[in-house]
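I opened this notebook to record what I looked up in one protein model. The entries follow the order in which I consulted it.

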Amino acid sequence: YEEVRQSREQEMRVRQIFQKYVPADVVRRALEITDPAQMSTKQMTTVLFSDIRGFTSLAEQLPPEEVVGLLNDYLARMVAIVFDEGGIVDKFMGDAVMALFGAPLAKPDDAERAVRAGQRMLRELDLFNRQQAARGAPRLRIGIGIHTGPVIAGNIDSERKMEYTVIGDTVNIASRVQDLNKEFGTELLVTQAVVEATGHRLAT
């Protein structure tokens with residue numbers, strides 16, 4: 001009985017921790033996987049990169065506490081959208097967000113959900129900027145890049161740190177597509193692979 005009780009308590013702690021980073025349904029399904037090797041796979045995944053334009057320069061002009069508050073507010077909104085669309089946040093890289101749709105667990109409409117998330121992020125940014133302007137705070141501009149392709153997904157770890165992530169050309173392409181927004185003066189770019197993965201039914 002004591003072992004069962006401790007096992008249940010440990011599972012609850014795991015759920016509480018991971019639900020801060022991963023949607024509840026993904027946590028639930030992942031906990032059903034009994035073989036750890038199943039968490040390391042090669043699979044099709046849609047990767048979304050989002051980056052704030054000129055944030056380093058902006059941060060240098062503001063007090064540190066204002067920078068942190070602004071970034072926390074912005075990121076909280078973006079993460080909520082990713083979760084709501086069934087994705088997970090792989091990592092934050094300063095002011096950039098890398099999100100995954102289809103890893104560790106795939107859904108048939110991963111690409112469509114990623115595109116919807118990107119579009120919703122832009123709409124939420126408009127609201128965020130209106131609120132910023134109302135209190136005399138700086139506005140933000142972002143670029144979003146989305147690509148679908150094969151990745152190797154799994155736990156990358158050392159003795160001191162373990163991280164679930166994905167690697168491969170798909171990740172690099174998504175990052176480069178995000179960068180192209182600067183060149184084209186756009187906010188959201190997707191690759192042909194994303195268009196094909198949605199069956200040419202991009203969210204509007």
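The entries below go from the whole chain to single residues.

**Entry 1. Confidence.** I noted first that the model is predicted. The mean pLDDT of the protein chain is 84, and 75% of the residues reach 70 or more. I then looked up the extremes among the elements: helix H1 (residues 2–18) has the lowest mean pLDDT, 56, while strand S6 (residues 188–190) has the highest, 97. Where pLDDT is low, the predicted coordinates should not be read in detail. I therefore leave the geometry of H1, with its mean pLDDT of 56, without comment.

**Entry 2. Layout.** I counted 7 helices and 6 strands in the protein chain. Read from the N terminus, their order is α-α-β-α-α-β-β-α-β-β-α-β-α. Of the 204 residues, 44% count as buried. I also checked the range of the contacts: among those between residues at least 6 apart in sequence, 69% join residues at least 24 apart.

**Entry 3. Strand S1.** Strand S1 covers residues 41–52, and 9 of its 12 residues are buried. I looked for its partner and found strand S3 (residues 96–101), joined to S1 by 5 bridges in an antiparallel arrangement. In this pairing, Leu-48 stands opposite Ala-99 of S3.

**Entry 4. Helix H4.** Helix H4 (residues 64–84) has 21 residues, and I compared its reach with expectation: 30 Å from first to last C-alpha, close to the 30 Å expected at 1.5 Å a residue. Its buried residues include Leu-70, Leu-71, Tyr-74, Leu-75, Met-78 and Val-82. An α-helix has 3.6 residues a turn, so residues three or four places apart point the same way. Just after H4, I found Gly-86 with a positive phi of about 85°.

**Entry 5. The largest nonpolar core.** Which residues touch the most other members of the largest nonpolar core? Among its 32 residues, they are Leu-48, Phe-55, Tyr-74 and Leu-140. At least two residues of this core come from each of S1, helix H3 (55–60), H4, S3, helix H5 (110–134) and strand S4 (142–157). H4 gives the most, with 10 residues. I followed Leu-140 further: leaving aside neighbours within four places in sequence, Leu-140 is in contact with Ile-52, Phe-55, Leu-58, Leu-70, Tyr-74, Leu-125, Phe-128 and Asn-129. Another core lies apart from this one; it has 12 residues, among them Ile-88, Met-98, Leu-100 and Val-171.

**Entry 6. Helix H6.** I repeated the span check on helix H6 (residues 169–184). Its 16 residues should span 22 Å at 1.5 Å a residue, and the end C-alpha atoms are 22 Å apart, so the two values agree. The buried residues of H6 are Thr-170, Val-171, Ala-174, Val-177, Gln-178 and Asn-181. Just after H6, Gly-185 takes a positive phi of about 70°.

**Entry 7. Thr-148.** Is Thr-148, a residue of strand S4, buried or exposed? Its relative accessible area is 10%; since buried means under 20%, Thr-148 is buried. I looked for a polar partner and found that the side chain of Thr-148 makes a polar contact with the side chain of Thr-46, at 2.7 Å. Not counting residues up to four places away in sequence, Thr-148 touches Met-44, Thr-45, Thr-46, Ala-111, Thr-170, Thr-191, Ala-193, Val-194 and Ala-197. One of these, Thr-170, is also among the buried residues of H6.

Technical notes: Residues are numbered from 1 along each chain as its sequence is written. This is a predicted model: local features need pLDDT of at least 70, side-chain atom pairs count only at pLDDT 80 or more; totals for chains, interfaces and linings use all residues. Side-chain values use heavy atoms; hydrogens and water are left out. Buried means under 20% relative accessible area, exposed over 50%, partly exposed in between (1.4 Å probe, protein chains only). Helices (H or I, at least four residues) and strands (E, at least two) are DSSP runs, numbered from the N terminus. Two strands pair if DSSP finds at least two bridges between them. pLDDT is the predictor's confidence in each residue, from 0 to 100. The expected span of a helix is 1.5 Å times one less than its number of residues. A nonpolar core is a set of buried Ala, Val, Leu, Ile, Met, Phe, Trp, Tyr and Cys residues joined through side-chain atoms within 4.5 Å. Contact means heavy atoms within 4.5 Å. A polar contact is a pair of N or O atoms within 3.5 Å; within protein, one must be able to donate a hydrogen and the other to accept it, and residues adjacent in sequence count only if both atoms are side-chain atoms.
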